[in-house]
Amino acid sequence: MNRNTQIVINDDLLRKIVYCIEKAIRDDLQQYLRENHRETNNAIILLRGDNINTNLRTHVVKDDIDLVPFQRYGWSGRMVIDRKEHITYSIMTEGTLSGVPKKKNRENPHYLQSVLYVENKDCIAKERQMTLEDFGITIFDTDVLEQDFEKISQGMINVEEDYKHYIIAYKAENGEIKDIKLRFLDKDFNIVDEASLMQYIKPDFARLTDIGPSEDTDEDAKPDKKGLVAIKSGIKPKLREIEKKA
């Protein structure tokens, strides 16, 4: 397999990462809303990412899998590193990913620009579009991108070991993952390869069997005859409002 043109699938790792994302979106956020009755929920926009990173630390880090912590101007991020396969992963919404190469006049590179340049600069896209510079996007000098990558990786990633970077991009609605893909991009954000990860999503049987009152009421949904726990009905409208702001 040519690592510059095709995705390397680590099935066990991807299954665990998707579980961490799904848990953060489906379970952790709902639990927060049940336990915290606030006038506003502005913190939730960042809470989802915090929960994902916490879940990664709890359920993914082991043996050859680790997290790379990095700081971006008041914001803390994490990348997953697979030392056996020499692959790093970042996680973000599909909307965030699509917006990164479109933002013009950056004073500093987005961390993904630096990571893709260093790790995926030799990768070959299936259909090459115009470069970032063609779109009027600020192109940073090689030295700037390489130095930024060193700050991000903090010595945890050896560039001599031919690491590749993949992005797990997802779409979420009403506390559920609607789509999730593994993206392999070149340094200009063109698609080298991609794969759906929807096969790792487990159905929420509690929601499928929920026969409680409609979500427009403030009453608690009652469990069904089989004793499955239903979701509190007032949570879905809150999730819709939060996701519109995210």
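**View 1. Helices H4 and H5 crossing in the predicted model.** In this predicted model, helix H4, made of residues 111–120, crosses H5 at roughly 100°, and the two axes come within 8 Å. Because angles of 65 to 115 degrees count as roughly perpendicular, H4 is described as roughly perpendicular to H5. On the side of H4, the contact is made by Tyr111, Gln113, Ser114, Val115, Tyr117, Val118 and Glu119, while H5 contributes Thr142, Leu145, Glu146, Asp148, Phe149 and Ile152. Sorted by class, the residues in this contact of H4 with H5 are 7 nonpolar, 3 polar and 3 charged.

**View 2. The open sheet and its edges.** The sheet is built from 6 strands in the order S1-S2-S3-S4-S5-S6, and the pairing among them is mixed. Strand S1 (65–72) and strand S6 (191–196) each have a single partner strand, so one side of each is left without a neighbour in the sheet. On average, and with direction ignored, neighbouring strands of this sheet are turned by 30° against each other.

**View 3. The pairing of S1 with S2.** Strand S2, residues 75–82, runs antiparallel to S1, and 8 bridges join the two. Within this pair, Gln71 stands opposite Ser76 in S2.

**View 4. Helices H1 and H5 against the sheet.** Helix H1, which spans residues 11–35, lies across S1, S2, strand S3 (87–93), strand S4 (164–173) and strand S5 (176–185), and runs at about 140° to S5. Helix H5 (residues 142–153) also packs on the sheet, where it touches S1 and S2, and its direction makes about 120° with that of S1.

Notes. Residues are numbered from 1 along each chain as its sequence is written. This is a predicted model: local features need pLDDT of at least 70, side-chain atom pairs count only at pLDDT 80 or more; totals for chains, interfaces and linings use all residues. Side-chain values use heavy atoms; hydrogens and water are left out. Two strands pair if DSSP finds at least two bridges between them. Helices (H or I, at least four residues) and strands (E, at least two) are DSSP runs, numbered from the N terminus. Axes are lines fitted to C-alpha atoms, for helices over the stretch in contact, and angles run from 0 to 180 degrees between N-to-C directions. Contact means heavy atoms within 4.5 Å. Angles under 35 degrees count as roughly parallel, over 145 as roughly antiparallel, 65 to 115 as roughly perpendicular and the rest as oblique. Ala, Val, Leu, Ile, Met, Phe, Trp, Tyr, Cys and Pro count as nonpolar, Asp, Glu, Lys and Arg as charged, and the others, Gly among them, as polar.
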